[in-house]
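Open the model in your viewer and switch on a cartoon with sticks ready for side chains. We will walk through it one selection at a time.

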Amino acid sequence: MILGERYLPETRTRMSPLSLTLVRSFRNILNLINTHTNFLVLLFPILGHLESLLAVSAEGFLARDITIENNAGPKKQQAVALRINADLAAMYRVTIDGYQDTLYTHSFRQFYRECEIYGTTDYIFGNAAVVFQGCNIVSKLPLPGQFTVITAQSRDSLDKETGIAMQNCSILATKDLCTNSTRGEYENYGQGSATDQRVTWPGYHIMDYYDATNFTVSDFIAGQDWLDSTSFPYDDGV
């Protein structure tokens, strides 16, 4: 079991009084191998990148109150911070920070409680049976032209009992992502449609009719030029 001190990536605010274990470099991982012998920690390239990767393959692996960070940056694209292919693995109050492909929940049964997971694209992925409870799932600003995608579950057969379950988790965004995003709504209705308690993020606004028409089938994707040939029904307008 790894015990340590957890920091929030944006503020480096101390989260626990325990001694620091911040996995950021090859030296940190070698120290973990030398000081913790009850599990197997491996360092090897995954998806073409070696930098700051912690890979765990041992049944019953536990970690709490630590920060695991891949600081390769968004330009490195796929760069895993933590890979786990260990059965009965559990994380408690662990911060896992990266960009694309931050957390590789490779296989077997895994559990994450009150963890912070940061990334840009497909930053929780793999084919484990994994449950997240009370976690903060935080999207960061990706590269221009990239999309913010949280999960990429890779099950390829209905026979496999794998998947990603999130219970009482919060889906959040860093300040720079909120500043560079635009969110709007127009004449929503039904339960939860009242707008008086909406978020106050920059870029969020209540749209008027003219704003909303920019996102119709005709204006947004020029649907009148090609959807008719599909014979699929569509609504044009707001």
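Which residue in β12 is the bridge partner of Thr-95? Select Thr-95 and look across: the partner is Glu-116. One thing to keep in mind on the way is that this is a predicted model.

**Stop 1: strand β12**

Colour residues 116–119, the stretch that makes up β12 and holds Glu-116. Glu-116 has a relative accessibility of 10%, so Glu-116 counts as buried, the cut-off being 20%. Show its side chain together with that of Tyr-118, and you will find a polar contact of 3.5 Å joining the two.

In a regular strand, side chains alternate between the two faces of the sheet. Now check the faces of β12: Glu-116 and Tyr-118 sit on one side, Ile-117 and Gly-119 on the other, and all four are buried. Both faces of this strand are covered.

Next, bring in the neighbouring strands. β9 and β12 run parallel and are joined by three bridges. β12 also pairs with β15, again in the parallel sense, over four bridges. To see this second pairing, select Tyr-118, which stands opposite Val-138 in β15.

**Stop 2: strand β13 and the annotated site**

Move along to Thr-121, which is placed in strand β13. Is Thr-121 buried or exposed? Its relative accessible area is 12%, so Thr-121 is buried. Select its surroundings: leaving aside residues up to four places away in sequence, Thr-121 touches Tyr-99, Gln-100, Asp-101, Pro-142, Gln-146, Phe-147 and Val-149. For a distance label, draw a line from Thr-121 to Ser-139: their C-alpha atoms are 8.3 Å apart, with their positions 18 residues apart in sequence.

Now click on Asp-122, in β13, which spans residues 121–126. An unreviewed UniProt entry carries the annotation "active site" for Asp-122. With a relative accessible area of 23%, Asp-122 is partly exposed. Beyond residues up to four places away in sequence, Asp-122 touches Asp-101, Val-149, Ile-150, Thr-151 and Ala-152.

**Stop 3: the nonpolar core**

Hide the polar side chains for a moment. In soluble globular proteins, nonpolar side chains tend to be buried together. Here the largest nonpolar core has 25 residues, and Leu-82, Met-91 and Tyr-112 have the most contacts inside it. Strands β4 (54–56), β7 (82–84), β8 (89–92), β13 and β14 (129–133) each supply at least two residues of this core.

Centre the view on Leu-82. Not counting residues up to four places away in sequence, Leu-82 touches Leu-54, Val-56, Ile-68, Met-91, Ile-96, Thr-102, Leu-103 and Tyr-104.

**Stop 4: the salt bridges**

Bring the charged side chains back. Side chains of opposite charge can pair when their charged atoms come close. How many salt bridges does the structure hold? There are six, and we will visit three.

Start with Asp-65 and Arg-93, whose closest N and O atoms are 2.9 Å apart. Asp-65 lies in the loop between β5 (62–64) and β6 (67–69), and Arg-93 in the loop between β8 and β9 (95–97), so the pair ties together parts that are 28 residues apart in sequence. The two ends sit in contrasting surroundings: Asp-65 is buried at 0% relative accessibility, whereas Arg-93 is partly exposed at 24%.

Go on to Arg-109 and Asp-87, whose side chains meet in a salt bridge of 2.6 Å, N to O. This pair links distant parts of the chain, with Arg-109 in strand β11 (residues 109–113) and Asp-87 in the loop between β7 and β8, 22 residues apart. Arg-109 is partly exposed, at 48% relative accessible area, while Asp-87 is buried, at 15%.

Finish with Asp-97 and Lys-140, which form a salt bridge of 3.0 Å, N to O. Asp-97 belongs to strand β9, and Lys-140 to the loop between β15 (136–139) and β16 (149–153), 43 residues apart. Which way do these two lean, buried or exposed? Both Asp-97 and Lys-140 are buried.

As a last selection, show Arg-64 alongside Asp-65 and Arg-93: salt bridges that share partners join these three into one network.

How values were computed: Residues are numbered from 1 along each chain as its sequence is written. This is a predicted model: local features need pLDDT of at least 70, side-chain atom pairs count only at pLDDT 80 or more; totals for chains, interfaces and linings use all residues. Side-chain values use heavy atoms; hydrogens and water are left out. UniProt positions are given in the numbering used here, feature names are shortened, and annotations may be inferred rather than shown by experiment. Buried means under 20% relative accessible area, exposed over 50%, partly exposed in between (1.4 Å probe, protein chains only). Contact means heavy atoms within 4.5 Å. A nonpolar core is a set of buried Ala, Val, Leu, Ile, Met, Phe, Trp, Tyr and Cys residues joined through side-chain atoms within 4.5 Å. A salt bridge is a side-chain nitrogen of Lys or Arg within 4 Å of a carboxyl oxygen of Asp or Glu. A polar contact is a pair of N or O atoms within 3.5 Å; within protein, one must be able to donate a hydrogen and the other to accept it, and residues adjacent in sequence count only if both atoms are side-chain atoms. Two strands pair if DSSP finds at least two bridges between them.
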